[in-house]
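This report describes the aromatic and nonpolar side chains of a single model. Surface features are treated before ring pairs and charges over rings.

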Amino acid sequence: MPIKCPPQVEHQYGERLRSERPRPTMDACWNSANTSQGHLDSEALRDYMVLDFPQKTAIAVICSLLGVLCVLENAVVLFLILSSPRLRRKPSYLFISSLAGADFLASLVFVISFVKFHVFHQEESRSAFLLKLGGVTMTFTGSVGSLLLTAIDRYLCLCHPAKYKALLTRGRALATLAGMWAISMVVSYLPLMGWTCCPRPCSELFPLISDDYLLSWIVLIIILLVAIIYTYTYVLWKAYRHTSNLVVYQQRRLTGMSRMRLDVRLAKTLGVVLMVLLLCWLPVLTLMVYSLAASLNEHIKKVFAFCSMLCLINSMVNPIIYAQRSREIRSSSRKWLTRWKNMLRGTGAEGAEDTQKSSVTETEGETKVT
């Protein structure tokens, strides 16, 4: 009579075998029957599709809800900035609109790719998979890069207020954004250009992605985060000094005091954004680094799948922070809400024009108050 192992022993032995399994290579990612078409082998991808049915359902529901909220919120922020001639001329809000655009695209590309891969296990070609993965990487890299440019903008505005407009013009801001997005695109699509795990070992978290490319991308993101932390530490320190000056000179009407108050408020807002960014990205980066040093079991891969949605939460929180703490965006939103109310009531273009004039008057009045 054969001896049957207890379920606990069998489970532990199976986990040990999975943890000792060698890392998959590119040779296992190709289906021999579909090599000419370049389709990925479903058997090779099984190590990455580790979610059971309840977890797939949770992923689909959470991603769908967060994705819809992210798209709507970031679309509203983009509309409010781009529809205002006054806001879209300012470099600060150009960088914020770039961040909102990155979060808008990230929510779309991430949700579609993530749900198709982990929930529906959709079969696709190698190029299509790397194209979508590169899109996710590009949008999140562009989001971090936009936050760094925003931090540099705050640094120049607070530390060099007299030379700020000369140092950072609208043209230079647009050129910097174009360069940042070009670098993000090139870095993100290097796997599609050929930097895959053939014949090197593949990452245990991302199919077709080599460990050395994943390490390079992690180093890039860490450098960006360290630069952001260093810049914001100095910016927030300067904001604290500006706040102290406002308390001392609150009875005096000094030139540029309203601008100083705006800088302090925006610096604090972006400091909150930075804190949220670290809380949402730190678990993902930690698991990525751990995957390079040790073999992962199915439990850790499932944890990584759910932690990946923290990046989506970060994209959802950013526009909420802007709407709550940016006076100019709030003013623009009130203008549009009043305009739409007047249109629904049938006041027509005359009411909309009066609303716009009152909004401009309100904004000018706010800048005069110190």
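## Nonpolar patch and aromatic contacts

Phe79, Leu337, Trp340 and Met343 make a nonpolar surface patch of about 410 Å². The model is a predicted one. Helix H14 (residues 327–345) supplies the largest share of this patch, namely three residues. Phe79, by contrast, has its place in helix H3 (residues 53–82). Phe79 counts as partly exposed because its relative accessibility is 35%, and the partly exposed class lies between 20% and 50% relative accessible area.

### Ring pairs

A pair of aromatic rings is described by the distance of the centres and the angle of the planes. The count of aromatic pairs in the model comes to 11. One of them is formed by Phe117 and Phe129, which are tilted, with 5.9 Å centre to centre and 45° between the planes. Phe117 belongs to helix H5 (residues 91–120) and Phe129 to helix H6 (residues 126–159), so this pair ties together parts that are 12 residues apart in sequence. Phe117 has a relative accessibility of 13% and therefore counts as buried. Phe129 is likewise buried, because its relative accessible area is 8%.

A further aromatic pair consists of Trp217 and Trp281, again tilted, at 6.2 Å centre to centre and with 45° between the planes. This pair links distant parts of the chain: Trp217 lies in helix H10 (residues 211–248) and Trp281 in helix H11 (residues 257–293), 64 residues apart. Trp217 is buried, as its relative accessible area of 8% indicates. Trp281 is buried as well, with a relative accessible area of 4%.

Which residues do ring pairs link into a cluster? The cluster is made of Phe110, Phe114, Phe140, Trp217 and Trp281. Trp217 and Trp281 thus appear both as a tilted pair and as members of this cluster.

### Charges over rings

Two cases of a charged side chain over an aromatic ring are set out below, with the distance from the ring centre.

| Charged residue | Ring | Distance from ring centre |
|---|---|---|
| Lys301 | Tyr48 | 5.9 Å |
| Arg339 | Trp336 | 4.4 Å |

Lys301 lies over the face of Tyr48, while in the other case the charged end of Arg339 sits over the ring of Trp336.

### Summary

The surface patch combines Phe79 with Leu337, Trp340 and Met343. In the ring pairs described here, Phe117 is buried and so is Phe129; Trp217 is also buried, as is Trp281.

How values were computed:
Residues are numbered from 1 along each chain as its sequence is written. This is a predicted model: local features need pLDDT of at least 70, side-chain atom pairs count only at pLDDT 80 or more; totals for chains, interfaces and linings use all residues. Side-chain values use heavy atoms; hydrogens and water are left out. Patches are made of residues with over 30% relative accessible area and no salt bridge: like charges are joined within 9 Å, nonpolar side chains (Val, Leu, Ile, Met, Phe, Trp, Tyr) within 5 Å. Accessible areas come from the Shrake-Rupley method with a 1.4 Å probe; for residues, only the protein chains shown count as cover. A salt bridge is a side-chain nitrogen of Lys or Arg within 4 Å of a carboxyl oxygen of Asp or Glu. Helices (H or I, at least four residues) and strands (E, at least two) are DSSP runs, numbered from the N terminus. Buried means under 20% relative accessible area, exposed over 50%, partly exposed in between (1.4 Å probe, protein chains only). Rings of Phe, Tyr and Trp (its six-membered ring) pair if their centres lie within 6.5 Å; planes under 30 degrees apart count as stacked, over 60 as edge-to-face and the rest as tilted. A charge sits over a ring if NZ of Lys or CZ of Arg is within 6 Å of the ring centre and within 35 degrees of the ring normal.
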